[in-house]
Amino acid sequence: MDFIKLLQGEFIGVLSQTFSSLKYKNFRIFWFGQIISSIGTWIQIVGQAWLVLKLTNSPFLLGLVVAFQYIPILFFSIIAGDIVDRVKKRYIVIATQSSMALFSLILAILTNLDAITYTEVLILTTLMGFAQTFDVPARQSFMIDLVGKQDLSNAIALNSTIFNLARIVGPAIAGVMIAKIGIKATFYANAVSFVPLVLGLFFIDINGDPSKKKNSLKDSLKELLEYIKANKVLLDIVVLLTILSIFAMNFSVLVPLLAKYTLKQNSIGFGMLMTYMGLGSFFGAMFIAYLSKKVSYLKLMIINAFGLNIFQILMALSKNYTQASISIFAAGFCLIGYIILSNTTMQLLSTNEIRGRIMSIYSLVFLGVTPFGSIFSGVLANYVGIRFAIFSGAVVGFLVCLLYLKRFILYIREAKL
């Protein structure tokens with residue numbers, strides 16, 4: 001009996017530690033509000049990829065669509081970060097989420113009317129990218145206002161569990177929707193999914209107040225660059241994240257191609273492959289949430305970076321659907337760990353006055369460089385081969401991790417991060 005009580009106590013302790021950020025009311029509203037929205041997002045990701053392949057049958061043009069979604073982040077993220085530091089973050093998130101709902105609805109209506117063209121997909125994708133340019137730094141820097149520094153890593157990890165739980169559920173739902181109803185259903189579903197999140201934001205009583213800085217955009221940018229340059233750990237995290245984002249994180253281009261052309265799967269098979277990746281990412285995020293106060297962030301970050309590349313190499317070498325599914329599950333596990341810990345460390349190394357701009361740099365190097373990675377992967381897949389595109393990007397990522405390993409070991413010893 002005492003043993004059972006001990007086990008119950010341990011289990012409750014693990015749950016309490018893993019979900020510690022949910023003790024904050026505002027974070028609970030924010031967290032639960034994103035669940036449905038994130039599922040809708042992943043439903044649309046699958047639907048959009050399948051629509052582009054249906055319209056064009058071109059790996060390169062699929063890569064171009066993904067690139068156009070992130071081009072606004074590439075060019076405008078720094079400006080967005082400066083605005084995020086000057087405006088109440090909750091207001092920005094309400095505006096960006098509402099805008100993305102509208103763009104999804106337009107895409108749904110055009111698809112439903114059978115009037116959608118590849119050009120229109122590019123335009124709507126780019127508009128979504130503009131909204132995302134402001135949404136990402138606002139949401140990321142808003143997190144610390146909701147939970148404080150002590151629970152920041154846990155909050156980011158729990159936020160990632162939503163995104164990756166959605167990655168499990170969303171693609172599976174999308175595959176069935178496309179097969180049974182049509183691609184249009186995926187876009188309608190995403191448009192509706194924004195409603196709970198936007199409504200929830202009106203019940204949060206923290207606005208994420210802006211800093212009191214009044215300097216010009218030019219001086220603001222200069223301050224940001226000097227801050228990053230003066231912090232070697234932050235600078236190296238940014239550089240490593242940039243390189244891995246370009247070469248080793250092109251799943252939105254490569255997985256649809258691998259599923260359709262190499263593994264000969266239909267929409268349901270593709271959806272399930274994305275689900276396996278989401279399942280790995282979900283468990284990875286839960287793992288980080290549990291360990292968030294127990295381990296060195298930098299040590300776990302670099303381990304996950306190596307794992308991300310190793311499992312992608314195995315994915316490229318996989319001989320059948322089962323092997324590919326296992327590899328993509330493991331790659332998803334490592335990918336989310338690396339992203340969470342990069343995000344957390346960058347926020348902890350920044351001050352409140354500059355955090356919005358630091359998160360705009362995170363957005364720039366994590367999402368903004370996606371056009372380069374998408375085009376790189378799309379061209380290689382189109383002209384050399386899909387497996388080679390996956391393999392070559394992962395090898396580049398692995399070699400870069402080796403190059404930075406010694407530096408991060410030194411930072412771990414000195415900075416105790």
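In the predicted model, the side chains of Asp-82 and Arg-86 form a salt bridge with an N to O distance of 2.8 Å. Asp-82 is buried, with a relative accessible area of 6%, whereas Arg-86 is partly exposed at 31%. The structure holds 6 salt bridges. Another of these pairs Asp-135 with Arg-139, whose closest N and O atoms are 2.6 Å apart. Because Asp-135 and Arg-139 are 4 residues apart in helix α5, about one helical turn separates them. Asp-135 has a relative accessible area of 2% and is buried; Arg-139, at 16%, also counts as buried, since the cut-off for this class is under 20%.

A further salt bridge joins Asp-236 to Arg-407, with 2.9 Å between the closest N and O atoms. This pair links distant parts of the chain, with Asp-236 in helix α9 (residues 232–247) and Arg-407 in helix α16 (residues 386–415), 171 residues apart. Asp-236 is buried at 4% relative accessible area, while Arg-407 is partly exposed at 41%. In addition, Asp-85, Glu-223 and Arg-357 are joined into one network by salt bridges that share partners.

Helix α5 (118–147) also contains Ala-138. The relative accessible area of Ala-138 is 0%, so this residue is buried. Apart from neighbours within four places in sequence, Ala-138 is in contact with Val-84, Lys-89, Ile-92 and Val-93. Its C-alpha atom lies 30 Å from that of Leu-51, a residue 87 positions away along the chain.

A nonpolar surface patch of about 850 Å² is made by Phe-75, Phe-76, Ile-79, Ile-83, Val-87, Tyr-91, Ile-123, Leu-127, Phe-130 and Leu-217. At least two residues of the patch are supplied by each of α3 (59–84) and α5 (118–147). The largest share, 4 residues, comes from α3. Phe-76, one of the patch residues, is found in helix α3 and counts as partly exposed because its relative accessibility is 35%.

Helix α2 comprises 32 residues (residues 25–56), for which a rise of 1.5 Å a residue gives an expected span of 46 Å; the end C-alpha atoms are 47 Å apart, in agreement with this value. A bend of about 30° occurs in α2 at Ile-35. Just after the helix, Asn-57 takes a positive phi of about 55°.

For the 21 residues of helix α12 (residues 297–317), the expected span at 1.5 Å a residue is 30 Å, which agrees with the separation of 31 Å between the end C-alpha atoms. Of these 21 residues, 15 are buried, so α12 is largely enclosed by the rest of the structure. Asn-309 is located in this helix and is buried, with 0% relative accessibility. Residues up to four places away in sequence aside, Asn-309 touches Leu-244, Ala-248, Gly-393, Ala-394, Gly-397, Phe-398 and Cys-401.

Phe-283 lies in helix α11 (residues 267–291). With a relative accessibility of 42%, Phe-283 counts as partly exposed. Beyond its neighbours within four places in sequence, Phe-283 is in contact with Phe-329 and Phe-333. The C-alpha atoms of Phe-283 and Lys-264 are separated by 28 Å, with the two residues 19 apart along the chain.

Note on methods:
Residues are numbered from 1 along each chain as its sequence is written. This is a predicted model: local features need pLDDT of at least 70, side-chain atom pairs count only at pLDDT 80 or more; totals for chains, interfaces and linings use all residues. Side-chain values use heavy atoms; hydrogens and water are left out. The expected span of a helix is 1.5 Å times one less than its number of residues. Buried means under 20% relative accessible area, exposed over 50%, partly exposed in between (1.4 Å probe, protein chains only). Patches are made of residues with over 30% relative accessible area and no salt bridge: like charges are joined within 9 Å, nonpolar side chains (Val, Leu, Ile, Met, Phe, Trp, Tyr) within 5 Å. Accessible areas come from the Shrake-Rupley method with a 1.4 Å probe; for residues, only the protein chains shown count as cover. A salt bridge is a side-chain nitrogen of Lys or Arg within 4 Å of a carboxyl oxygen of Asp or Glu. The bend at a residue is the angle between axes fitted to the seven residues ending there and the seven starting there. Contact means heavy atoms within 4.5 Å.
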